[in-house]
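Below is a short briefing on a predicted model. Have the sequence and the structure open side by side while reading.

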Amino acid sequence: SRRTGGINYRDIARITFGNGAEVLTMTILFLLMLLMVIGYMVLVKDFWTPILLFLLSGVSELLGGGSGVDEKEVDDVGVEKVTGPHVLLVVLLLVSPLLLKRNLHALNHTCYIGVASYLVLSVALFNRCWGMNHEH
């Protein structure tokens, strides 16, 4: 970029290879970002749905166990109605304000959320491996 004077990928491609390369570069970057967002959504849905179902089933057991609520009423609380798309929608609504920040410095504490998710996943994998190896 120092030799061409371009300040971003699009400028560098246009100055170096012409207008066609600029369009190609933008198309490739768009597809790359689109696939990363789709992968993120699939990962979030597959990761958080079982955790939320586990937590909601614990809440429904507390409601069903101590309050004399009928089991049918506990099912109507919504534990069985929670699906992956519902979880994905809630997570996207929670994350969307972070996408609208003008300054990336505002996102410096979000890495802790990623580390926490990684730790939950690691503990779950360790627990599954430990259980599988000690059964045999």
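Asp11 and Arg14 form a salt bridge through their side chains, with 2.9 Å between N and O. Both residues belong to helix α1 and sit three residues apart, about one turn of the helix. An α-helix has 3.6 residues a turn, so residues three or four places apart point the same way. The search of the whole structure finds four salt bridges, and the points below take up this one with others, then the ends of α1, a residue of α2 and the largest pocket.

**Salt bridges**

- Asp11 has a relative accessibility of 15%, under the 20% limit, and is therefore classed as buried.
- Its partner Arg14 has a relative accessibility of 32%, which lies between 20% and 50%, so Arg14 counts as partly exposed.
- Arg14 also meets Glu22 in a salt bridge, at 3.5 Å from N to O.
- Glu22 forms a salt bridge with Arg10 as well, and the closest N and O atoms of that pair are 3.4 Å apart.
- Because Glu22 lies in helix α2 and Arg10 in helix α1, this pair ties together parts that are twelve residues apart in sequence.
- Glu22 counts as buried, because its relative accessibility is 17%, whereas Arg10, at 35%, counts as partly exposed.
- Arg10, Asp11, Arg14 and Glu22 are thus named together as members of a network of salt bridges.
- As a general point, side chains of opposite charge can pair when their charged atoms come close.

**The two ends of helix α1**

- Helix α1 covers residues 9-17, and at its start a side-chain oxygen of Asn8 comes to within 3.3 Å of the backbone nitrogen of Arg10.
- Arg10 therefore has a contact of its backbone with Asn8 in addition to the salt bridge with Glu22.
- Gly18 follows α1 and has a positive phi, near 105°.

**Thr49 in helix α2**

- Thr49 is located in helix α2.
- With a relative accessibility of 12%, Thr49 counts as buried.
- A polar atom of the Thr49 side chain lies 2.6 Å from the backbone oxygen of Lys45.
- Leaving aside residues up to four places away in sequence, Thr49 touches Val44, Thr83, Gly84 and Val87.

**The largest pocket**

- The largest pocket has a volume of about 740 Å³.
- Its lining consists of 24 residues, and those closest to the pocket centre are Tyr40, Val44, Val91, Val95 and Ile113.
- Val44 is also one of the residues that Thr49 touches.
- Two or more lining residues come from each of the elements α2 (19-66), α4 (84-99) and α5 (111-135).
- Helix α2 gives the largest share of the lining, eight residues.
- By class, the lining residues divide into 20 nonpolar, three polar and one charged.

How values were computed: Residues are numbered from 1 along each chain as its sequence is written. This is a predicted model: local features need pLDDT of at least 70, side-chain atom pairs count only at pLDDT 80 or more; totals for chains, interfaces and linings use all residues. Side-chain values use heavy atoms; hydrogens and water are left out. On a 1 Å grid over the protein atoms alone, a cavity is a set of points where a 1.4 Å probe fits but cannot get out, and a pocket is an open set with protein on both sides within 12 Å along at least five of seven lines; lining residues have an atom within 4 Å of a point. Grid points are joined across faces, edges and corners, and a volume is the space filled by probe spheres set on the points. Helices (H or I, at least four residues) and strands (E, at least two) are DSSP runs, numbered from the N terminus. Ala, Val, Leu, Ile, Met, Phe, Trp, Tyr, Cys and Pro count as nonpolar, Asp, Glu, Lys and Arg as charged, and the others, Gly among them, as polar. A polar contact is a pair of N or O atoms within 3.5 Å; within protein, one must be able to donate a hydrogen and the other to accept it, and residues adjacent in sequence count only if both atoms are side-chain atoms. Buried means under 20% relative accessible area, exposed over 50%, partly exposed in between (1.4 Å probe, protein chains only). Contact means heavy atoms within 4.5 Å.
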